Each structure stands twice: as C-alpha cells, then as structure tokens.
Amino acid sequence: MDKHLVIIPTYNEIDNIKELVPEILELPHDFHILVVDDNSPDGTGELVEDMSLKHERINVLRRPWKEGLGKAYIAGFKWALDKDYDTILQMDADFSHLPDYLPRFIKKLNKHDLVIGSRCYNGRLSVVNWDIKRVLLSRLGTTYARLVTGVPMTDATAGFKGWRREVLEAIDLDKVLSEGYSFQIEMNWRAKQAGANIGEMPIIFFDRRHGESKMNASIVKEALWILWKIKIKK
C-alpha cells in the first residue's frame, strides 16, 4: 500500500494548525503529516511536537530560523524521500487549501506525476474573499511565468500540489533557487524538465481562516528576477 505524506510549512500558525491537523487525520488513505516549522514565536512548533507524541501519523520538523517557503518545502521533500513516502502532498496551513481535496489528489496521482490544485481552471477563477490586487497578481504571475519558463500551467503560482516521489527524486533539490513566491513556479519548471506528466484539477481557494497573509512586495520582487535567472540557466 502506498504511503502518503502531507507537508505543511508553518510560521505563526498555531490557531490554524490545531484545527487543520485533526481534520486531515480523519480523512481516508491514512495520511501522515509533516509540519515544517520555522521557529514560530507563537508556539506552533511546540504544539505540533506535543501532538506528535499522541499520534504516530503526526511529525514535526523544527528549523532554527525563518528561511522562506521554498527552503521549508525542500527540507520537507528531503525528509519525505528519506522516509520512503510514495506520494507527497503540499498545502498551506491557513485553510486556504481545504483538506477535503487531499483524497482527490491521490486519485489524480494514479495518472499524473505532479498534480496542481488550480484556482483558475477552464478560464474561471475560483477564489473566495480575494481583493482585486490579489486577483491581478495571480493572473499576471501565471502569464509572466508561462512566458518566461514555457510551462503551460493555468495556475503557475498555486501551492496546493501532489507529487509522485519519482519526480522529486529526479529533481536536484539542492539546485532550487527560489525561497518565496517563485518557488511554486520553479518547481513546475523543474518537474517539466525532468519529464513529469503534469496534471491540474480545479479547487476553490479560500482566504485564510486565522491570522494575516505573509505576502509582501519583497516576495513578488524575488519572483521577477528568479524566473529570469532560471531562464538564463536553462
């Protein structure tokens, strides 16, 4: 039987994670969970560590400082490969990605190597409580990414994904350049370069349940130059 791992990066997500983890554990397929916490001052790491002592499917990887989303996921991917998981899923901690979609990813991964949960599928943007600036950022980000990388995704910046382990094994994770917003785009490109069969499935994307968004101007600026660096290296 395949082993499934859900990786959730966290930084000050204690209110969300204490609700999210139990919901995932109740789903079919016996998902295991890895929370990658970047030394959250609010005690997220300590909470998940306590939860892991009570349930064998909960794991936590506590990192000494905040290095960005990309570094957290790379650490999580390496941990998953070392522990011999067959499918690795990634999702946000804030309920913008609903746990109920996770079993659908498993079904899609029977036919694809990488599955992307798309907020914009067949031309329709499915988001809840987004302002116009975020809508424009998502649309322009996808258009820009397609032009620079040549990967024909309808939602290039999406962070709700499922991977077959073989794809991650084929990618040199130590060479991934991005740390923030551009990480999702770069990983799509590297998967395509590795010959992955990439699929998408529609999701509804909700605004976070608790806390504040971590998106800022510096993250977007990083995405702009990183994509050209990827293009040049290609």
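Student: Before we get to helix α3, what does contact mean here?
Tutor: Contact means heavy atoms within 4.5 Å, and please keep in mind that this is a predicted model.

Student: OK, so which strands does α3 lie across?
Tutor: Helix α3, residues 69-82, lies across β1 (4-10), β2 (32-37), β3, β4 (87-90) and β9, and its direction is at about 155° to β1.

Student: In what order do the strands sit in the sheet?
Tutor: The sheet is open and has seven strands, in the order β3-β2-β1-β4-β9-β5-β10, with mixed pairing. At its edges stand β3 (58-62) and β10 (198-202), each of which has a single partner strand, so one side of each is left without a neighbour in the sheet.

Student: And how much are neighbouring strands turned against each other?
Tutor: On average by 20°, if direction is ignored.

Student: How do β5 and β9 run, parallel or antiparallel?
Tutor: Strand β5 (residues 114-118) and strand β9 (residues 161-164) run antiparallel and are joined by three bridges; within this pair, I116 stands opposite K161 of β9.

Student: Switching to α7, where does that helix lie?
Tutor: Helix α7, residues 183-193, lies across β4, β5, β9 and β10, and runs at about 30° to β9.

Student: Why is α7 described as largely enclosed?
Tutor: Because nine of its 11 residues are buried, α7 is largely enclosed by the rest of the structure. The buried residues are F183, Q184, I185, E186, M187, N188, W189, R190 and A191.

Student: Which residue just after α7 takes a positive phi?
Tutor: That is G195, with a phi of about 85°.

Conventions
Residues numbered from 1 in each chain as written. Predicted model: local features only at pLDDT ≥ 70, side-chain atom pairs only at ≥ 80, totals over all residues. Heavy atoms only, no water. Pairing = 2+ DSSP bridges. Helix = DSSP H or I, 4+ residues; strand = E, 2+ residues; numbered from the N terminus. Axes fitted to C-alpha atoms, helices over the stretch in contact; angles between N-to-C directions. Buried < 20%, exposed > 50% of the residue type's maximum accessible area, 1.4 Å probe, protein only.
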